Amino acid sequence: MGVISTEERIPLNVHNLDPAMEGGVPPGFISLICGHAGTMKSSVAFNILANAARKQGRRCLHITLEQHRDHLIRHASKLGMFHGEADVDRVMELVSVVDLATMRREMTEGGKSEEMDWPAAIVRAIKNYKEAFGCDVIVLDSLAALYALSNFENPRAQLFHFFEKVREVGATAFFISEMPTDRNVFGLHGVEDFLSDGIVHLKVDYSMGGADLYIGIVKMRETKHPRSYHPLIWVKEQHRFEIVTG
Ligand SMILES: Nc1ncnc2c1ncn2[C@@H]1O[C@H](COP(=O)(O)OP(=O)(O)OP(=O)(O)O)[C@@H](O)[C@H]1O
Ligand SMILES: [Mg+2]
């Protein structure tokens, strides 16, 4: 296997950060986008998809178990992620958003009981989209919501299986992961760290009396990347996230 080229990678679309990490995330990787509540995880993730569609013409799937499809688009519009009305149409033509209600409807149409196997349903949804439209980049928002829906009896084994099944699809995936407040791990079950190929960490620093948002790449396999945390800002006029480099 050769070296992964910059063109093949999926940029995080954070200005100044992508060039410092060989252009982005290698194709086929599963990365966590993790942080505590309100650290812009969903926005960073959606911005990756919007630009993968806009700039690279990639087919994307945003699975949200937390927000309604309309809320997601409204939040993105309000932030200024779109470059006008025509851009909304152009981007959303390539980005399919599947929310919890849609998934539940699709799953129960076949007469299934309310006892749903959510991880299996998500894998099936991804496979269906891939077959129907192609599917290059996926966001799953969020693992925490998936855990709330599913009764994982053996989370380690079941998560291992879930990650493997998603990996088999062959798309580049970003799993949004809520971090526990009491342990120094990047997912609630403590296994997400090593199951994933990459970890993007969003955190708020309260130490200097402010509350600035920082982004750090904790790990990214097959990639030379900085380990330092950089202030992350959304610049509405430029429609982009930027890191502030010192
Ligand atoms: N115009 C804005 N510019 C910068 N930040 C904003 C703006 N509007 C909202 N925010 C911030 O974005 C946050 C919501 O972003 P987002 O939903 O992406 O975060 P999240 O980490 O996914 O949150 P949650 O934990 O609820 O899932 C808000 O809590 C607010 O702090
Ligand atoms: Mg969110």
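How do the residues of the lining of the second largest pocket divide into nonpolar, polar and charged? I opened the notebook with this and found three nonpolar, eight polar and four charged. I note at the outset that the model is predicted.

**Entry 1. Second largest pocket**

I looked up the volume and got about 200 Å³. The lining has 15 residues, and Asn13, His15, Asn51, Lys55 and Arg240 are the closest to the centre of this pocket. I then asked which elements supply the lining. Strand E1 (14–15), H1 and strand E10 (240–243) each supply at least two residues. H1 gives the most, with four residues.

**Entry 2. Ligand 1**

I listed the shell around ligand 1: Ala37, Gly38, Thr39, Met40, Lys41, Ser42, Ser43, Glu66, His75 and Leu79. By class I have three nonpolar residues, five polar and two charged.

Next I went through the polar atoms. Thr39 brings a polar backbone atom to 3.0 Å from an oxygen atom of ligand 1. For Ser42 I noted a polar side-chain atom 2.8 Å from an oxygen atom of the ligand. For Ser43 the distance from a polar side-chain atom to an oxygen atom of ligand 1 is 2.5 Å.

I also looked up the cover. Ligand 1 taken alone exposes 650 Å², and the protein buries 56% of that. Helix H1 (41–56) and helix H2 (69–79) are the elements that give two or more residues to the shell. H1 gives the most here, with three residues. I recorded H1 under the second largest pocket as well, where H1 gives four residues to the lining.

**Entry 3. Met40**

I returned to Met40, one of the residues around ligand 1. Met40 sits in the loop between E2 and H1. The phi of Met40 is near 70°, which is positive in a residue other than glycine. Most residues other than glycine have a negative phi. I put Met40 down as partly exposed because its relative accessibility is 25%, and the class runs between the 20% limit for buried and the 50% limit for exposed.

**Entry 4. Asn16**

Asn16 is another residue that has a positive phi without being a glycine, with a value of about 80°. I placed Asn16 in the loop between E1 and strand E2 (30–35). Its relative accessibility is 36%, so I count Asn16 as partly exposed.

**Entry 5. Asp141 to Ser142**

Is the peptide bond from Asp141 to Ser142 cis or trans? I found it cis, with omega near 10°. Most peptide bonds are trans. Ser142 lies in the loop between strand E5 (137–141) and helix H6 (143–149).

**Entry 6. Largest pocket**

I looked up the largest pocket and wrote down a volume of about 370 Å³. It is lined by 18 residues, and Met116, Asp117, Trp118, Pro119 and Ser150 lie nearest its centre. Helix H5 (118–133) and helix H7 (155–169) are the elements that give two or more residues to this lining. The lining divides into eight nonpolar residues, four polar and six charged.

**Entry 7. Asp197**

I checked Asp197 in the loop between helix H8 (192–195) and strand E7 (198–205). Is Asp197 buried or exposed? Its relative accessible area is 7%, so I entered Asp197 as buried. I then looked for a partner of its side chain. A polar contact of 2.6 Å joins the side chain of Asp197 to that of Arg167.

**Entry 8. His230**

His230 is in strand E9 (residues 230–235). I logged His230 as buried because its relative accessible area is 17%, and the limit for buried is under 20%. I also took one C-alpha distance from this residue. His230 and Gly246 are 16 residues apart in sequence, and their C-alpha atoms are 8.7 Å apart.

**Entry 9. Asn151**

My last look was at Asn151, in the loop between H6 and H7. The relative accessible area is 63%, so Asn151 went down as exposed. From C-alpha to C-alpha, Asn151 and Arg74 are 32 Å apart, with the two positions 77 residues apart in sequence numbering.

Terms used
Residues are numbered from 1 along each chain as its sequence is written. Chains are lettered from A and ligands numbered from 1 in the order in which they are written. Side-chain values use heavy atoms; hydrogens and water are left out. A residue is near a molecule or strand if one of its heavy atoms lies within 4 Å of it. A polar contact is a pair of N or O atoms within 3.5 Å; within protein, one must be able to donate a hydrogen and the other to accept it, and residues adjacent in sequence count only if both atoms are side-chain atoms. Accessible areas come from the Shrake-Rupley method with a 1.4 Å probe; for residues, only the protein chains shown count as cover. Ala, Val, Leu, Ile, Met, Phe, Trp, Tyr, Cys and Pro count as nonpolar, Asp, Glu, Lys and Arg as charged, and the others, Gly among them, as polar. On a 1 Å grid over the protein atoms alone, a cavity is a set of points where a 1.4 Å probe fits but cannot get out, and a pocket is an open set with protein on both sides within 12 Å along at least five of seven lines; lining residues have an atom within 4 Å of a point. Grid points are joined across faces, edges and corners, and a volume is the space filled by probe spheres set on the points. Buried means under 20% relative accessible area, exposed over 50%, partly exposed in between (1.4 Å probe, protein chains only).
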